[in-house]
Structure formats: C-alpha cells, structure tokens
Amino acid sequence: MYSSVSMDVNIEQYRLAIMFRGFGYGVLAPTLMWALDESVPSLEQFFMGLFLFNIVHMYLGGAMGYGFYTTIFSHFLNEDMMHSGRQLTLTNLDLSHFDFGEFMGGSYLHSMMLVAIKQVYGYVIWFSLLLASIFLLCDIPAVRTNIRKVPRWPVFAIEYLARKHR
C-alpha cells in the first residue's frame, strides 16, 4: 500500500487499512470507557475524563499532527526538488520546444509531491513500528517489573485515596 500512493490509485484498495483504523478506534473507545468506569466512581467524573481525553486526542493531537505533517512534508518536498533540480540543466534541455509551465505543473511537481508523501509516510511507518515494538517489549512481565518506577506516584495515590475517603 505504501509504495502504491498516487493520484491515479483507486481508493477501493485502501479498504483494509481503513477497516484496521476503524477497528483500532473500536477497541480504543470501549477500553477507555471500561477503564474510566472501573476507576472513577461518579458519572460526572467519568464524562469529564472522556471529555478531556477527546480534547487531548482530537484537538491537540490533531493540531500537532497537522503541524508535524506540514513541516516535514514541506522539508522533504523542498529537498527533493533541490536534488532533482540539479539534473535539469540548460545543456540538457531544448528550450525551443520546452514548456516550463506545463513541465512544472504536470509531471515534475506531481512526481516530487508523490516522492515527498512516500518519504513522510515511510518515516511514520518506521516510527509506528518502533513504538509498537517498545509497547510490546514493555508488556513482557519480566521487563515490566524491572522498569524504574516514577518515585512520586505512590505518594500521589495515597494522598488521592486519603482525600477520597474523607
């Protein structure tokens, strides 16, 4: 799927990826609701936790994602145009039959955008695989029990439980 990104690609071939993303959200939402229901006693706190999760996930995460993708895409597009533009010299072109506007708007800019998109999502795929590997590694009981704990968390938990039982 990654290597077939193009403007001419039929959107139907991405059904499996879209289904996996929907399945991921379908697992995430009930898991969050179950975790909130188990740990939060009142309905108001449950919906406040759900509301805060949606703010962080949808708004802040979305804005950070848009900013990241825009910045990295702009960087890769400029770099690809610079590297490929070195091969376009005036000695290799017949300027009497060369339409620069059609060349830039047609094949050159289109192919540079596709290369930049593939580079961006290639790095995203590698980062996602690395993050998933770290999460799977931390899920192994021998690794999970030997990870250094944050020292203040038990203190915060005791203080929270003391306030809750007053």
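In what order do the elements of the protein run from the N terminus on? In this predicted model, the order is α-α-α-α-α, and the protein accordingly has five helices and zero strands. Of its 166 residues, 10% count as buried, while the accessible surface comes to about 13700 Å², with 70% of that area belonging to carbon and sulfur atoms. Among the contacts with a separation of 6 or more, 65% are accounted for by residues that stand 24 or more positions apart.

Helix 2, which covers residues 43–85, has 43 residues and reaches 60 Å from its first C-alpha to its last, a span close to the 63 Å expected at 1.5 Å a residue. The course of helix 2 is nevertheless interrupted by a bend of about 30 degrees at Gly-61. Its buried residues are Phe-46, Leu-50, Gly-62, Phe-76, Leu-77 and Asp-80. Phe-68, which also lies in helix 2, is by contrast partly exposed, with a relative accessible area of 46%.

Helix 3, formed by residues 100–138, has 39 residues and reaches 55 Å from its first C-alpha to its last, again close to the expected value, here 57 Å at 1.5 Å a residue. A kink of about 40 degrees is found in helix 3, and this kink is centred on Tyr-108. Tyr-108 is itself one of the buried residues of the helix, together with Phe-103, Met-112, Leu-114, Ala-116, Val-120 and Gly-122. The buried residues of helix 3 pack against helix 2.

The relation between these two helices can be followed at individual positions. Asp-80, placed in helix 2, has a relative accessible area of 9% and is therefore classed as buried, since this value falls under the 20% cut-off. When its neighbours within four places in sequence are left aside, Asp-80 is in contact with Met-112, Val-115, Ala-116 and Gln-119. Of these partners, Met-112 and Ala-116 appear among the buried residues of helix 3. The spacing of such partners may be read against helical geometry: an α-helix has 3.6 residues a turn, so residues three or four places apart point the same way. A further pair relating the two helices is that of Phe-68 and Val-120, whose C-alpha atoms are separated by 10.0 Å although the residues are 52 apart along the chain. Within this pair, Phe-68 is partly exposed, whereas Val-120 is buried.

Exposed nonpolar area was also examined. Phe-127, Leu-130, Leu-131, Ile-134 and Phe-135 together make a nonpolar surface patch of about 510 Å². One of the residues of this patch, Leu-130, lies in helix 3, the helix that also carries the kink centred on Tyr-108.

Methods. Residues numbered from 1 in each chain as written. Predicted model: local features only at pLDDT ≥ 70, side-chain atom pairs only at ≥ 80, totals over all residues. Heavy atoms only, no water. Helix = DSSP H or I, 4+ residues; strand = E, 2+ residues; numbered from the N terminus. Expected span 1.5 Å × (residues − 1). Bend = angle between axes of the 7 residues up to and from the residue. Buried < 20%, exposed > 50% of the residue type's maximum accessible area, 1.4 Å probe, protein only. Contact = heavy atoms within 4.5 Å. Patch = residues over 30% accessible without salt bridge, like charges linked within 9 Å, V, L, I, M, F, W, Y side chains within 5 Å. Areas by Shrake-Rupley, 256 points an atom, 1.4 Å probe, with all protein chains shown as cover. Salt bridge = Lys/Arg side-chain N within 4 Å of Asp/Glu carboxyl O.
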